[in-house]
Amino acid sequence: MKPVIILGSTGSIGTQAIDVCNTNNIPVAGLAAGGHNLELLARQALQSAAPVIAIARDDAAGEFWQAFDAIAPRGMPRPQVITGGDAVAKLAGSASDEITVLNGITGAVGLDATLAALDSGATLALANKESLVIGGPLIADHMVRPAQIIPVDSEHSAIFQCLAAGGHHRGLCHETIDGTTEVASLVLTASGGPFRGKTRAELTDVTPGEALDHPTWQMGPVVTINSATLMNKALEFIEAVVLFDIAPEAIDVVIHPQSIVHSMVTFRDGATIAQASPPDMRLPIAVALTYPHRLPATQPCTWERPTSWDFMPIDEDTFPALRLARQALAASPIHPAVLNAANEVAVAAFLAQRCSFLSIVDTVATVVETYRGPNTHEITRADLAAADAWARQYAAELLA
Ligand code: MG
């Protein structure tokens, strides 16, 4: 099995990825983290025997060694530690086609590591959806071969698996044996989050605590808030357009409260293929690390008790995030980056109790509608960074 470099190792995806590696004896070639939880990172470094540790915080090395030396047995070989703002992307860029890079970083900050990993020729197991939402216009230029990205986001992993089941082994909708398009549509499922069935008026006084109480998934705080606003599905909608090279019109989104069917693909003959499993990220992580093979990863669905799976349309009046995603995709290739940046600022403000729940998506809507990007065909990393910075500043002004 290919060794894995795990980026964002102390986060929700990272810790589960280490779990999958430990269970299946997959070697860990490197770990990267922001540097907010150095005790956990030191434990992970020791346990996984990763030879290189990257920490984004400049001044983290001393604290890391203190934590490491406190638990490491005498004579234990020490990993190489690199620190600084570019350390994570540097580690990702040091990979090769013999290595899988798992990007489990949350937020726009994960994009540079994604581009570096692609440039290195590594297989990219991608959980950082923002890389595709923001970096959509850049991704294709950095890919060195087809199927270089294997999605870890559960919905996109499901679609990837359904496409493979339908003969599209490279995870692209248009690439079959004879080059014809046999995919009619992708069906993204959404749990609906903790506020499914509520009206807009009922969401006025929602607290961060209520929004963080997700009914089916255990996830990091940002993704959980994004699930409550359905902004997570909006980002995943854009992610699917970029990843599977399909028109927005060919993607349906449906509420599925049980979170068992993780998404589906409908083919032109009328067959819909679904991927079903209990909600557990270790499955999509394992698929991405070992595709096309399958490892023991999670408990499957069981059938001893009566079970029903429900599907229903989204109430887009209460949850307008998806509409915003379509609007951003139609406006320009840079608008999705603007949408994401404004949302990151608004979610942080909500978690810090500086704005209301409804203000999150309202703020994003105003920022997306106001943005007028550069009129260029060639979009550069600098264009995306400028749009991101503008959107963050304008969102902060609106929320102040
Ligand atoms: Mg997801």
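Which residues form a nonpolar patch on the surface? Trp 303, Trp 309 and Phe 311 do, as the first view shows. The model is predicted: local features need pLDDT of at least 70, side-chain atom pairs count only at pLDDT 80 or more, and totals for chains, interfaces and linings use all residues. Residues are numbered from 1 along each chain as its sequence is written, and side-chain values use heavy atoms, with hydrogens and water left out.

**View 1. A nonpolar surface patch formed by Trp 303, Trp 309 and Phe 311.** Together the three residues have about 350 Å² of accessible area. Patches are made of residues with over 30% relative accessible area and no salt bridge; like charges are joined within 9 Å, nonpolar side chains (Val, Leu, Ile, Met, Phe, Trp, Tyr) within 5 Å. Accessible areas come from the Shrake-Rupley method with a 1.4 Å probe; for residues, only the protein chains shown count as cover. Trp 309 sits in the loop between α11 (282-290) and α12 (321-331). Helices (H or I, at least four residues) and strands (E, at least two) are DSSP runs, numbered from the N terminus. Trp 309 is partly exposed, at 33% relative accessibility. Buried means under 20% relative accessible area, exposed over 50%, and partly exposed in between (1.4 Å probe, protein chains only).

**View 2. Helix α11 and the cis peptide bond at Pro 292.** Of the 9 residues of α11, 8 are buried, so the helix is largely enclosed by the rest of the structure. Among them are Leu 283, Ile 285, Val 287 and Leu 289. The peptide bond from Tyr 291 to Pro 292 is cis, with omega near 10°. Pro 292 belongs to the loop between α11 and α12.

**View 3. The salt bridge between Asp 112 and Arg 381.** Their side chains meet at 2.8 Å, N to O. The pair links distant parts of the chain, 269 residues apart: Asp 112 is in helix α5 (residues 111-120) and Arg 381 in helix α15 (residues 381-399). A salt bridge is a side-chain nitrogen of Lys or Arg within 4 Å of a carboxyl oxygen of Asp or Glu. The structure holds 18 of them. Asp 112 is partly exposed, at 39% relative accessible area. Arg 381 is also partly exposed, at 30%.

**View 4. Salt bridges of Lys 129 with Asp 153 and Glu 236.** The closest N and O atoms of Lys 129 and Asp 153 are 3.2 Å apart. Lys 129 lies in helix α6 (residues 129-142) and Asp 153 in the loop between β7 (149-151) and α7 (154-165), so this pair ties together parts 24 residues apart in sequence. Both residues are buried. Lys 129 also meets Glu 236 in a salt bridge, at 2.8 Å, N to O. Glu 236 is in helix α10 (residues 231-244), 107 residues from Lys 129. Relative accessibility is 5% for Lys 129 and 1% for Glu 236. Salt bridges with shared partners join Lys 129, Asp 153, Glu 155, Lys 233 and Glu 236 into one network.

**View 5. Packing of helix α9 (residues 221-229) and helix α13 (residues 335-351).** The angle is about 100°, and the axes lie 10 Å apart. The two helices are thus roughly perpendicular. Residues of α9 including Val 222 and Ile 225 take part in the contacts, as do residues of α13 including Val 347 and Phe 350. Contact means heavy atoms within 4.5 Å. Axes are lines fitted to C-alpha atoms, for helices over the stretch in contact, and angles run from 0 to 180 degrees between N-to-C directions. Angles under 35 degrees count as roughly parallel, over 145 as roughly antiparallel, 65 to 115 as roughly perpendicular and the rest as oblique.
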